[in-house]
Amino acid sequence: MEILLTALPLALDPLTIGLVVLGALLGIIFGSIPGLTYSMALVLVLPITFKFDAVPAIGMLLGTYIGGMTGGSVSAILIGIPGTPSAAATVLDGYPLAKSGRAGLALGTAVVVSAFGGLFSLAVMIVSVDLVARLAIRFGPAEIFALVLFGMSTICGLAGKSLLRGLVAGTIGLLLMTVGMDELDGVPRMTFGTTSLLQGVHLLVAMVGLFAVPQVMNMLADYKSGGQALYRAKAVKTELPSFRQLRGNLSVMIRSALIGTGIGSIPGTGGPIAAFLAYDQARRFSPNKENFGKGELSGVVASETANNAVTGGAMIPLLSLGIPGDPATAIILGGLLIHGLAPGPMLFMENKVEVYTIYLAIGLAYIAVVLIQYFGIRLFVKILRVPPHILAVGILVVCVVGTFAIRNSFLDVYVMTGVGLMGYLLTRFRIPVTPIVLGLVLGETMEREFRTAMILSEGKFDIFYTSPMALFFFGLVIAVIAFQLVGARRERAKLNSNVQEKAHAEN
């Protein structure tokens, strides 16, 4: 208690609060613009923090991190383009909600559940940082491969009516992932002799192409055919979910928060894996499975709760072991070291006050994000007043600038365009693009961990079946696939029964 009382004035200092709010605002802006990631925002903010003391500086970095993670939902809901990879699952139901005139409710719900997920993971981090860190550090390559393979099994749930089409889309994502220089062997793969392709297909570039280009083409096609705007901005207002809606989704929120915190605490995973896993679990346990992908509020609740719960989970190995789980936490690690805070067991002994100020700064950041997004909804939804064809051109310009800025490469612009055209054609053939994103997100980690495990075991597969944790996840994979196949078989039987009954009635 004495340490908390000492840390409280430092965290509530006007300079610290101001920098946390500024960081949250910058994170939301960068996170909501396709192509501009919160990792980029952290890189820009880091030099600014050099002139400040450790507490306000780390507070600004944490505010940027949390704001960026939350901001990706804005563009995902309003225009169907995820601002961050973690928001890819939010598009599935958030954008249909916006098209049906409930953009305010979707944004308000995303704000509330994001704060719940983040504060839940913060509470877990405070009470169990040592325990969870010890558990996470036991995850070797074999265990992480099994976990990611379990994540890949969610393709079964995202495939729509045809499992085959979903598998085709997932395979396309894995193929795109392999383009470029092999990290382990340094061998070019699928570059076709082109030097520029050695840099590979960046995840965010592919995501912008898959979600933005088909959307732009559909908007322009509707305008050319004389179609009207999809929805009216005047009907959109700031709307928070009701207590009844939150109570009805409480189990989804808690389950998704647990998934996000657990996934975040494992280095090398991150928000996209947590969001897709939580979304898949929400769909499986929901009595309204058929509504998912059509504007089901529980889909937004699951994905946004999980990807924000990752923030607290990711801080567990970062603070206790000095292991960053993704590029964003690696930048925060750099900020900690620059300001004289070396993560590890000694941090909790020598810098207890600073550790508690980090806890408080995370809480302040979520309060700031909620306030900014709540009062900013009225400004965000003004984008819906723009005529669709003009909005389409603006989206395309932002996407071109954003994809070029990622690596200062025109090749990324060409890749975005090519992947986008491919995505448009796939949607015409009713092949879902979400499994492609899942293949891109999980494929790199799955391949790297599998090959690392094989190197460690000298080519023997026993490293996988001698690990209880790996066997547990393999069992989950089998259960998920079996459950999906049984469900598909029942759907076909039900459909055939309905057809026969209808034919019998007509006769």
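A nonpolar core is a set of buried Ala, Val, Leu, Ile, Met, Phe, Trp, Tyr and Cys residues joined through side-chain atoms within 4.5 Å. With that in hand, here are the views of this predicted model.

**View 1. The whole chain, before zooming in.** The protein chain has 22 helices and 2 strands. Out of its 507 residues, 55% count as buried. Take the contacts between residues at least 6 apart in sequence: 79% of them join residues at least 24 apart. On the outside, the accessible surface comes to about 22500 Å², and carbon and sulfur atoms account for 66% of that.

**View 2. The largest nonpolar core.** Which residues touch the most other members of this core? Among its 94 residues, they are Ile395, Ile436 and Val437. Helix 10 (residues 203-224) gives the most to this core, chipping in 10 residues.

**View 3. Around Ile395.** Skip the neighbours within four places in sequence, and Ile395 is still in contact with Ile79, Ile81, Val216 and Met219.

**View 4. A second core.** This one is separate and has 43 residues, including Leu42, Met60, Ile332 and Tyr359.

**View 5. The second largest cavity.** A search of the whole structure turns up 3 cavities of 30 Å³ or more, and the second largest has a volume of about 50 Å³. What lines this second largest cavity? The residues are Ala54, Val55, Ile58, Gly59, Leu341, Glu354, Thr357, Ile358 and Ala361. Helix 4 (54-78) and helix 17 (352-380) each supply at least two residues of that lining. By type, the lining splits into 6 nonpolar, 2 polar and 1 charged.

Notes:
Residues numbered from 1 in each chain as written. Predicted model: local features only at pLDDT ≥ 70, side-chain atom pairs only at ≥ 80, totals over all residues. Heavy atoms only, no water. 1 Å grid on protein atoms, 1.4 Å probe; cavity = no way out; pocket = protein on both sides within 12 Å on 5 of 7 lines; lining within 4 Å. Points joined across faces, edges and corners; volume = space filled by probe spheres on them. Helix = DSSP H or I, 4+ residues; strand = E, 2+ residues; numbered from the N terminus. Nonpolar A, V, L, I, M, F, W, Y, C, P; charged D, E, K, R; others polar. Buried < 20%, exposed > 50% of the residue type's maximum accessible area, 1.4 Å probe, protein only. Contact = heavy atoms within 4.5 Å. Areas by Shrake-Rupley, 256 points an atom, 1.4 Å probe, with all protein chains shown as cover.
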